[in-house]
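Subject: Handover of a protein structure

Dear colleague,

Please find the structure below, together with its sequence. A description of what was found in it follows.

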Amino acid sequence: MDKRVEEIESLLKDIGCATSGLSEVLDLGLGIPDLRKVYKALEKKQASLYKELNKLKKKCSHNWKYGGHGHNDDWYVCTICGETEDR
Ligand SMILES: [Zn+2]
């Protein structure tokens with residue numbers, strides 16, 4: 001496997017652990033302002049890594065996750081490539 005692919009997958013694993021830990025802390029509602037910024041930054045980094053990974057692999061099997069409720073319908077986001085879709 002490509003070295004960069006391995007590197008990205010390992011980074012994504014670490015970021016995944018960090019964001020899930022952070023989201024638990026955020027749920028406590030301690031009101032630490034920078035915490036949300038860190039969380040957002042991690043999410044951004046995660047999305048760009050997923051995009052790069054997808055480009056390297058040149059395919060995406062899409063792993064849709066509920067993203068939220070939009071105007072008229074719900075939207076879903078692929079946790080792999082970051083693509084969004086309204087349904
Ligand atoms: Zn995808």
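Does Tyr66 count as buried, partly exposed or exposed? Its relative accessibility is 44%. Buried means under 20% and exposed means over 50%, with partly exposed in between, so Tyr66 counts as partly exposed. Please note that this is a predicted model, and that the values in this message are computed from it.

Tyr66 also takes part in the one aromatic pair that the structure holds. A pair of aromatic rings is described by the distance of the centres and the angle of the planes. For Tyr66 and Tyr76, the ring centres are 5.6 Å apart and the planes stand at 75°, so the pair is edge-to-face. Because Tyr66 lies in strand 1 (residues 64–69) and Tyr76 in strand 2 (residues 74–78), the pair ties together parts that are ten residues apart in sequence.

These strands belong to a protein chain with two helices and three strands. Read from the N terminus, the order of the elements is α-α-β-β-β.

The helices may be taken next. Helix 2 covers residues 33–57, which makes 25 residues. From its first C-alpha to its last, helix 2 reaches 37 Å, close to the 36 Å expected at 1.5 Å a residue. Its buried residues are Leu35, Tyr39, Leu42, Gln46, Leu49, Leu53 and Asn54, and they pack against helix 1. Just after helix 2, Lys58 has a positive phi of about 55°.

On the side of helix 1 (residues 3–27), Thr19 offers an example. Thr19 has a relative accessible area of 9%, so this residue is buried. Apart from its neighbours within four places in sequence, Thr19 is in contact with Tyr39, Leu42 and Gln46. These three are among the buried residues of helix 2.

Some values describe the chain as a whole. The C-alpha atoms fill a box of roughly 40 × 35 × 15 Å along the principal axes. The protein chain has 87 residues, of which 21% count as buried. It exposes about 6500 Å², and carbon and sulfur atoms supply 52% of that area. Of the contacts between residues at least 6 apart in sequence, 34% join residues at least 24 apart. Finally, the chain carries 15 positive and 15 negative charges, and the mean positions of the two groups are 5 Å apart.

Yours sincerely

How values were computed. Residues numbered from 1 in each chain as written. Predicted model: local features only at pLDDT ≥ 70, side-chain atom pairs only at ≥ 80, totals over all residues. Heavy atoms only, no water. Helix = DSSP H or I, 4+ residues; strand = E, 2+ residues; numbered from the N terminus. Buried < 20%, exposed > 50% of the residue type's maximum accessible area, 1.4 Å probe, protein only. Contact = heavy atoms within 4.5 Å. Areas by Shrake-Rupley, 256 points an atom, 1.4 Å probe, with all protein chains shown as cover. Lys, Arg positive; Asp, Glu negative; His and termini not counted. Charge placed at Lys NZ, Arg CZ, Asp CG, Glu CD. Expected span 1.5 Å × (residues − 1). Phe/Tyr/Trp six-rings, centres within 6.5 Å; stacked < 30°, edge-to-face > 60°.
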